[in-house]
Amino acid sequence: MRRVVFAVVAVLVAVVVQTALLDRLPFPGGSAPDLVLVLVVTLALASGPMEGALIGFGAGLALDVAPPASNLLGLSALVFCLVGYGCGRLRSPLERSAWLPLAVVALGVAAGEALYALVGMIFGDPGITWQSVRLVLPVSVAYDLLLCPFVVYAVVRFGGYGGWATAYTTNGQSRRS
């Protein structure tokens, strides 16, 4: 129950910080870090595929309806749900490593940014063009990568995820309550 409350509160705080602060600051390169995406990837890796998809969908939907909302309701929800599920599927191989989760968070964030741009172009978001993707995507990924260690630390420290390997026993049974 503690993890559910932590995930909900963390997502809501991340959405508020993202929309009220990060999106409004003039970062060099024309892009801001995506705190919500980094949080979704981290929580998905710590929770698993089903929880990751649910966290991603909820976080994306909250981001989609938070002002200033774009004209494509559900774009972030779709992308974050897919990224959350995909990163959650990688949970099992990461249980035996201390540093690999941080690398997978970085990979998941990069994939999420690229998927967001691709889906936005497919659905005709006027703010996403090939030119803007070429200029903004590398900067966005770099900013997200700078956030990764801090978000991973906060999730492990405050979220009750004592480590990537402590949630499952050797026979695959969950020890979580």
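**Notebook: largest pocket and nonpolar core**

I looked up the largest pocket first and noted a volume of about 860 Å³. I took a pocket as an open set of points on a 1 Å grid over the protein atoms alone, where a 1.4 Å probe fits, with protein on both sides within 12 Å along at least five of seven lines. Of its 33 lining residues (an atom within 4 Å of a point), Asp23, Ser31, Asp34, Glu113 and Tyr116 are the closest to the centre.

The model is predicted: local features need pLDDT of at least 70 and side-chain atom pairs pLDDT 80 or more, while totals for chains, interfaces and linings use all residues. Residues are numbered from 1 along each chain, and side-chain values use heavy atoms, without hydrogens and water.

I sorted the pocket lining into 18 nonpolar, 10 polar and 5 charged residues. Helix 7 gives the largest share of this lining, 5 residues.

I then recorded the secondary structure as 7 helices and 0 strands (DSSP runs; helices H or I of at least four residues, strands E of at least two).

Next I examined the largest nonpolar core, which has 36 residues; Val36, Leu39, Val41, Leu43, Phe80 and Val155 have the most contacts inside it. Such a core joins buried nonpolar residues (under 20% relative accessible area, 1.4 Å probe) through side-chain atoms within 4.5 Å. Helix 2 gives the largest share of this core, 11 residues.

For Val41 I listed contacts (heavy atoms within 4.5 Å) beyond its neighbours within four places in sequence: Val83, Cys87, Val104, Val105, Gly108 and Val109.

Notes: Grid points are joined across faces, edges and corners, and a volume is the space filled by probe spheres set on the points. Ala, Val, Leu, Ile, Met, Phe, Trp, Tyr, Cys and Pro count as nonpolar, Asp, Glu, Lys and Arg as charged, and the others, Gly among them, as polar. Buried means under 20% relative accessible area, exposed over 50%, partly exposed in between (1.4 Å probe, protein chains only).
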